[in-house]
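Work through these exercises with the coordinates open. Each task is followed by a stepwise solution.

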Amino acid sequence: MPYGFLCGWWPKMNITELVSVGMMIFTPVITDIPEDKSASVECLALNMYHEARGQGSAGLLGVSSVVFNRVKDKRFPNTICGVIYQGPTRESWKTRQTPDPNDATFYPVKHRCQFSWYCDGRGDEPRDKKTYQRLLTIAKSIVYNTINFIDITDGATHYHADYVNPAWAETKTRTVEIEDHIFYRWEIGQKGGPVK
C-alpha cells in the first residue's frame with residue numbers, strides 16, 4: 001500500500017476501529033491443522049492388501065471393520081498401526097551383540113501376530129502395485145472420513161479364513177461370513193483375546 005494511502009486512511013478511524021484493524025493485520029490466523037494420518041493409511045492399505053486383496057468391496061470393508069473395532073476396544077492398541085502390528089517382538093541377533101541399546105532392532109515373532117501377514121517371515125512389500133494403489137485410495141477415503149464407512153461385521157474384532165478352525169473361535173460370538181472370512185465379536189467376559 002502506498003504511504004499516502006495509509007496517511008489518508010488512518011485518521012478517519014476511531015480507536016476501536018484502529019485496534020480491530022491492527023489485530024486483523026498482526027494476529028496470525030489460527031486454523032485446525034489436519035492430523036497427518038498417512039501412516040494409518042499405509043497400515044490399513046497394507047492390511048487390506050495382504051488379508052483381502054482378492055476379495056470384493058465387502059471383504060475389504062470387513063477386514064477394515066475389524067481393525068477399527070479393535071481401535072475402539074480398550075483391550076487392543078488405540079491406533080490403526082498399533083492394532084495391525086500388535087504381537088510379540090524379538091530383538092535381532094545382530095543388534096543383541098552391540099553394546100549400544102539404541103542400536104536394537106526388533107522383529108515380530110513368527111506366526112504370533114494378530115494379522116498373520118505381518119509375521120509370516122515373508123516380505124511385506126506389495127508386488128501388485130496397481131492393486132496396492134487402489135487400496136491406498138480406499139484406505140485414505142476411510143481414514144480421512146471421505147466415504148461413509150459402515151461396519152458390516154456387526155462389531156467383529158476377530159476373523160479367520162473359512163478353511164481353518166482356530167481354537168479361539170469357540171470363545172467368540174460369530175457374526176457374519178464374508179467371502180472366505182468368518183467374523184467374530186469378542187464379548188465382554190468371553191475368554192481369549194490378543195495373541196501374547
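Helices here are DSSP runs of H or I with at least four residues, numbered from the N terminus. The model is a predicted one.

**Exercise 1. Find the helix that holds Ser141, and decide whether Ser141 is buried or exposed.**

Step 1. Ser141 lies in helix α7.

Step 2. Take the cut-off: buried means under 20% relative accessible area.

Step 3. Ser141 has 18% relative accessibility, so Ser141 counts as buried.

Step 4. Now look for contacts, setting aside neighbours within four places in sequence. Ser141 then touches Thr146 and Ile147.

**Exercise 2. Classify how α4 and α7 are oriented to each other, and give the handedness of their crossing.**

Step 1. Locate the pair. Helix α4 covers residues 57–72, and helix α7 covers residues 129–143.

Step 2. Take the geometry. The two axes come within 12 Å and cross at roughly 45 degrees.

Step 3. Apply the classes. Angles under 35 degrees count as roughly parallel, and 65 to 115 as roughly perpendicular. The helices α4 and α7 fit neither class and are therefore oblique to each other.

Step 4. Add the handedness: α4 and α7 make a right-handed crossing.

**Exercise 3. List the residues through which α4 and α7 meet, then sort them by class.**

Step 1. From α4, take Leu60, Leu61, Ser64 and Phe68.

Step 2. From α7, take Arg134, Leu135, Ile138, Ile142 and Val143.

Step 3. Sort them. The contact of α4 with α7 has seven nonpolar residues, one polar and one charged.

**Exercise 4. Work out the strand order of the open sheet and name its edge strands.**

Step 1. Start with one pair. Strand β3 (residues 158–161) and strand β5 (residues 181–185) run antiparallel and are joined by four bridges.

Step 2. Fix the register. His158 stands opposite Tyr184 in β5. Ala161 has His181 of β5 as its bridge partner.

Step 3. Extend to the sheet. Its three strands follow the order β3-β5-β4, with antiparallel pairing.

Step 4. Read off the edges. These are β3 and β4 (173–178), each pairing on one side only.

Step 5. Check the twist. Neighbouring strands of this sheet are turned by 25 degrees against each other on average, direction ignored.

**Exercise 5. Which residues of β3 point one way, and which the other way?**

Step 1. His158 and His160 point one way.

Step 2. Tyr159 and Ala161 point the other way.

Step 3. Check burial: all of these β3 residues are buried.

Note on methods
Residues are numbered from 1 along each chain as its sequence is written. This is a predicted model: local features need pLDDT of at least 70, side-chain atom pairs count only at pLDDT 80 or more; totals for chains, interfaces and linings use all residues. Side-chain values use heavy atoms; hydrogens and water are left out. Axes are lines fitted to C-alpha atoms, for helices over the stretch in contact, and angles run from 0 to 180 degrees between N-to-C directions. Helices (H or I, at least four residues) and strands (E, at least two) are DSSP runs, numbered from the N terminus. Angles under 35 degrees count as roughly parallel, over 145 as roughly antiparallel, 65 to 115 as roughly perpendicular and the rest as oblique. A crossing is left-handed if the near helix is turned anticlockwise from the far one by less than a right angle, and right-handed if clockwise. Contact means heavy atoms within 4.5 Å. Ala, Val, Leu, Ile, Met, Phe, Trp, Tyr, Cys and Pro count as nonpolar, Asp, Glu, Lys and Arg as charged, and the others, Gly among them, as polar. Buried means under 20% relative accessible area, exposed over 50%, partly exposed in between (1.4 Å probe, protein chains only). Two strands pair if DSSP finds at least two bridges between them.
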